[in-house]
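Hello,

Please open the structure below and keep it on screen while you read. My notes on it follow.

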Amino acid sequence: MLLATFVAASLRRESSAASTPARRSSPPRTRSSPATTLACPSSITSSSTLLSRFDLIYLILDSPSVEGDRRLAKHLVGLYSSVEKEKSEHEIPQDLLKDYIAYARQNCHPTISDLAGAELIQGYLEMRKMGGNSKTITATPRQLESLIRLSEGLARSKLSPKVTRADVREAIRLMAVATQTAATDPRTGRIDMDMITTGVTMGDRIQSESLLKTVRQFMAENKGKRMVVGDIVKGIKELGGVDVDPEEIRDVVRVLDGEGEVTWSERGQTIFVKAGQ
């Protein structure tokens, strides 16, 4: 199954190829934990535009493990060692694998059977339902296209002329354990594809809109005044009883400055609320 998944990933897009540098994102904590796992998506430094183009996104955590660390260390040392490496009895020669993939790309063009098509539709609808009655987007047409490509790739990896229901189910499983995990909102634990497509979760958007509304209310009560970020933080705490990150206030003020409601001095970190607003 692992080999089939690898070959399918290699075959899913015959007409396009791209390479990007590997990137490492460090979560807020040094040790892996459930909290750290959920925090990982926000630590990904690649742009949302780039991430949204991948059919599968895997989060690989650096979890301490004696056995796992030993295997990794042996592998890395082996890359620089002249000692002949032990070969697995199931190991496939690299040249043979390349030839197999090239042959499958050129000669195998599976079509989606009626049953597989129905399974794709049902799988997509089930993914859409995962958001419940909330406004959170758990799947988009882009994910359906990804499922189709993955299903075709899985069929092609077996040189099968037809995409079967089993291929579709495996594609859905891969999507669930990969991309949807990367799109989990760390605060709600819910899948939110906006994290990948826009880089901002639905919760973040709602929170930002709420903060913008509160800051506007505070500004309306202080027309014609000049203030600093700390004054707004203090004022919002008095209005709603919540502490706000000064950097979030700066982001909101920059928006209001762009809309002409205030004048923001980046150098002096001061805000002048226009009396005419």
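Contact here means heavy atoms within 4.5 Å. With that rule, P246 touches V229 and V233, leaving aside residues up to four places away in sequence. Keep in mind that this is a predicted model.

**P246 and its surroundings**

P246 sits in helix α13. P246 is partly exposed, with a relative accessible area of 34%. Now find I232. In sequence, P246 and I232 are 14 residues apart. In space, their C-alpha atoms are 8.6 Å apart.

**The whole protein**

The protein has 13 helices and 5 strands. Its 277 residues include 33% that are buried. The exposed surface comes to about 17800 Å². Carbon and sulfur atoms supply 54% of that surface. Next, take the contacts with a separation of 6 or more. Residues 24 or more positions apart account for 59% of them.

**The sheet**

In what order do the strands of the open sheet lie? The order is β3-β5-β4, so named for 3 strands numbered from the N terminus. The pairing is antiparallel. β3 (226-228) and β4 (262-265) stand at the edges. Each has a single partner strand, so one side of each is left without a neighbour in the sheet. Neighbouring strands are turned by 25° against each other on average, direction ignored.

Look at β3 and β5 (residues 270-273). They pair in the antiparallel sense over 3 bridges. Two bridge partners are easy to find. V228 has T270 as its partner in β5. R226 has F272 as its partner in β5.

Then move to the other side of β5. β4 and β5 run antiparallel and are joined by 4 bridges. One of the pairs is V262 with V273 in β5. β4 and β5 also form a hairpin, with 4 residues between the strands. In that hairpin, Q269 takes a positive phi near 55°.

**Helices on the sheet**

Which strands does helix α12 touch? Helix α12 (residues 229-240) packs on the sheet and touches β3, β4 and β5. The direction of α12 makes about 85° with that of β3. Helix α13 (residues 246-258) lies across β4 and β5. Helix α13 runs at about 125° to β4.

**Salt bridges**

Side chains of opposite charge can pair when their charged atoms come close. The count of salt bridges comes to 14. Here are three of them, with the distance between N and O atoms.

| Pair | Distance | Accessibility |
|---|---|---|
| E67 and R71 | 3.9 Å | E67 partly exposed, 43%; R71 exposed, 53% |
| D167 and K158 | 2.6 Å | D167 buried, 2%; K158 partly exposed, 48% |
| E247 and R250 | 3.3 Å | E247 partly exposed, 37%; R250 partly exposed, 21% |

E67 and R71 both lie in helix α4 (residues 66-79). They are 4 residues apart, about one turn of the helix. E247 and R250 both lie in helix α13. They are 3 residues apart, again about one turn of the helix.

Is D167 buried or exposed? D167 has 2% relative accessibility and therefore counts as buried, since buried means under 20%. Its partner K158 is partly exposed, at 48%. R250 also deserves a check against the cut-off. Its relative accessibility is 21%, so R250 counts as partly exposed.

Which residues join E247 and R250 in a network of salt bridges? The network links E247, R250, D251, R254 and E266.

**A buried arginine**

Last, go to R156, in helix α7 (residues 141-157). R156 is buried, with a relative accessible area of 3%. Where does its side chain find a polar neighbour? A polar atom of the R156 side chain lies 2.8 Å from the backbone oxygen of C108.

**Where to start**

Begin with the sheet and trace β3-β5-β4. Then add α12, which packs on the sheet. Add α13, which lies across β4 and β5. After that, pick out P246 in α13 and its contacts V229 and V233. Finish with the salt-bridge network that includes E247 and R250.

Best wishes

Note on methods: Residues numbered from 1 in each chain as written. Predicted model: local features only at pLDDT ≥ 70, side-chain atom pairs only at ≥ 80, totals over all residues. Heavy atoms only, no water. Pairing = 2+ DSSP bridges. Helix = DSSP H or I, 4+ residues; strand = E, 2+ residues; numbered from the N terminus. Axes fitted to C-alpha atoms, helices over the stretch in contact; angles between N-to-C directions. Buried < 20%, exposed > 50% of the residue type's maximum accessible area, 1.4 Å probe, protein only. Areas by Shrake-Rupley, 256 points an atom, 1.4 Å probe, with all protein chains shown as cover. Salt bridge = Lys/Arg side-chain N within 4 Å of Asp/Glu carboxyl O. Polar contact = N/O pair within 3.5 Å; in protein donor to acceptor, adjacent residues only side chain to side chain.
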